[in-house]
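Here is a set of short exercises to work through with the coordinates open beside you. Try each task before reading the solution under it.

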Amino acid sequence: MMGFTFRGKHTREFEGLVVKTVNNPLLPSKRIQRVNAMGYDGEYIFENGYSNKFLEFKCMLIKGTIKERRIRARNIASWLTGTGDLILDYESDKTYKVVRTVSDVSLILEQVVDEFNIIFEVDPFQYGSFKTFSVENPTSVVITNNGNAEADTLISVTGTGNVTITCGTKTTALNGVTEKLNLDSKRMLVYNDIFINAISKHSGDFIKLAPGTNTLNVTGTVSNLSLKSYDTYI
């Protein structure tokens, strides 16, 4: 039976639960801003990233009495509370990041079958293989993003003084490094290992990996550089 795994639990673990995909958009919608200008026909459109996607599933409970199905439905509702990883059986090599379960799990009670819909709000992107490496005294590092979208990174730098990291057209600079610093491109944060803000030491870009092969060039006194990232797909 096709289904999905959410928060480490598969739909097959609920007796009699049958799942059908109602909507899984091919693309997330783009965030746009429309601006009207005097003397100009039409509108200026500015695009800025993507909005979250909404995945909808039709579900049926087909075994047991109404009372038994209602008990399982409550267990399902509890399981759906919160956020977590979502993996669909028909693309088991990709992970969706659920930011919230949108719909109420409202049952249509029948004598033989109960029906309800589940809607997950997820990140715009899907995530594949996890990549991590650590390099001592780096000057040039090559890493591949096997996805088809830019991949966020968590880069950790141990060194002293002024450090620059360049990847393609993006350059990040750290000034006056005295300890290990972590650069989180998704949240646009810089912090040390006890999570004290160090954004004042940062200037320039946050490094993201383009699809394909990426080369990180490092200058300055760096004793260790580590990087964590996922292959990222749209």
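The exercises below concern side-chain contacts in a predicted model.

**Exercise 1. An acidic residue in a strand**

Task: Find Asp114, decide whether it is buried or exposed, and name the side chain with which it makes a polar contact.

Solution:
- Start with the location: Asp114 belongs to strand S9, which covers residues 114-136.
- Next, take the accessibility. Asp114 has a relative accessibility of 0%, so it counts as buried, the cut-off being under 20%.
- Finally, look for the partner. The side chain of Asp114 is in polar contact with the side chain of Arg69, at 2.8 Å.

**Exercise 2. Aromatic pairs**

Task: How many aromatic pairs does the structure hold? Then classify the pair of Phe6 and Phe120 and the pair of Tyr191 and Phe195 as stacked, tilted or edge-to-face.

Solution:
- The count of aromatic pairs is 11.
- For Phe6 and Phe120, the centres are 5.0 Å apart and the planes make an angle of 50°, giving a tilted pair.
- Now place these two rings in the chain. Phe6 is in strand S1 (residues 4-6) and Phe120 is in strand S9, so their pairing ties together parts 114 residues apart in sequence.
- Check the accessibility of each partner: Phe6 is buried at 0%, and Phe120 is buried with a relative accessible area of 0%.
- For Tyr191 and Phe195, the ring centres lie 5.5 Å apart with the planes at 25°, so this pair is stacked; the cut-off for stacking is under 30 degrees.
- Here Tyr191 is buried at 11%, whereas Phe195 is exposed at 65%.

**Exercise 3. A cluster of rings**

Task: Which residues join Phe6 and Phe120 in a cluster linked by ring pairs?

Solution:
- Follow the ring pairs outward, and the cluster takes in Phe4, Phe14, Phe57 and Trp79 along with Phe6 and Phe120.

**Exercise 4. Lysines over rings**

Task: Over which rings do the charged ends of Lys94 and Lys97 sit?

Solution:
- Take Lys94 to begin with: its charged end sits over the ring of Tyr233, at 4.4 Å from the ring centre.
- Then turn to Lys97, whose charged end sits over the ring of Tyr230, 5.5 Å from the centre.

**Exercise 5. A nonpolar surface patch**

Task: Which residues make the nonpolar surface patch of about 310 Å²?

Solution:
- The patch is made by Tyr40, Tyr44 and Phe46.
- Take Tyr44 as an example. Tyr44 is in strand S5, residues 44-50.
- With a relative accessible area of 38%, Tyr44 is partly exposed. That value satisfies the patch cut-off of over 30%.

**Exercise 6. Salt bridges across the chain**

Task: How many salt bridges are there? For the bridges of Asp123 with Lys186 and of Lys131 with Asp231, work out which parts of the chain are linked.

Solution:
- The count comes to 10 salt bridges, with a cut-off of 4 Å from nitrogen to oxygen.
- Asp123 and Lys186 form one at 3.8 Å, N to O.
- This pair links strand S9, where Asp123 lies, to the loop between S13 and S14, where Lys186 lies, 63 residues apart.
- The partners can also be sorted by accessibility: Asp123 is buried at 12%, and Lys186 is exposed at 51%.
- Lys131 and Asp231 form another salt bridge, at 3.1 Å, N to O.
- Lys131 is in strand S9 and Asp231 in strand S16 (residues 212-233), so this pair ties together parts 100 residues apart in sequence.
- Asp231 is buried, with a relative accessible area of 3%.

**Exercise 7. The surroundings of Asp152**

Task: Which side chains meet that of Asp152 in a salt bridge and in a polar contact?

Solution:
- The salt bridge is with Lys208, at 3.6 Å, N to O.
- Lys208 lies in the loop between strand S15 (202-204) and S16, and Asp152 in the loop between strand S10 (140-145) and strand S11 (153-167), so the pair ties together parts 56 residues apart in sequence.
- Lys208 is partly exposed at 28%, and Asp152 is partly exposed at 25%.
- The polar contact is with the side chain of Ser185, at 2.7 Å.
- Ser185 is in the loop between strand S13 (181-184) and strand S14 (189-191), and counts as buried at 4%.
- The side chain of Ser185 also reaches the backbone nitrogen of Thr153, at 2.8 Å.

Notes
Residues numbered from 1 in each chain as written. Predicted model: local features only at pLDDT ≥ 70, side-chain atom pairs only at ≥ 80, totals over all residues. Heavy atoms only, no water. Helix = DSSP H or I, 4+ residues; strand = E, 2+ residues; numbered from the N terminus. Buried < 20%, exposed > 50% of the residue type's maximum accessible area, 1.4 Å probe, protein only. Polar contact = N/O pair within 3.5 Å; in protein donor to acceptor, adjacent residues only side chain to side chain. Phe/Tyr/Trp six-rings, centres within 6.5 Å; stacked < 30°, edge-to-face > 60°. Lys NZ or Arg CZ within 6 Å of the ring centre and 35° of its normal. Patch = residues over 30% accessible without salt bridge, like charges linked within 9 Å, V, L, I, M, F, W, Y side chains within 5 Å. Areas by Shrake-Rupley, 256 points an atom, 1.4 Å probe, with all protein chains shown as cover.
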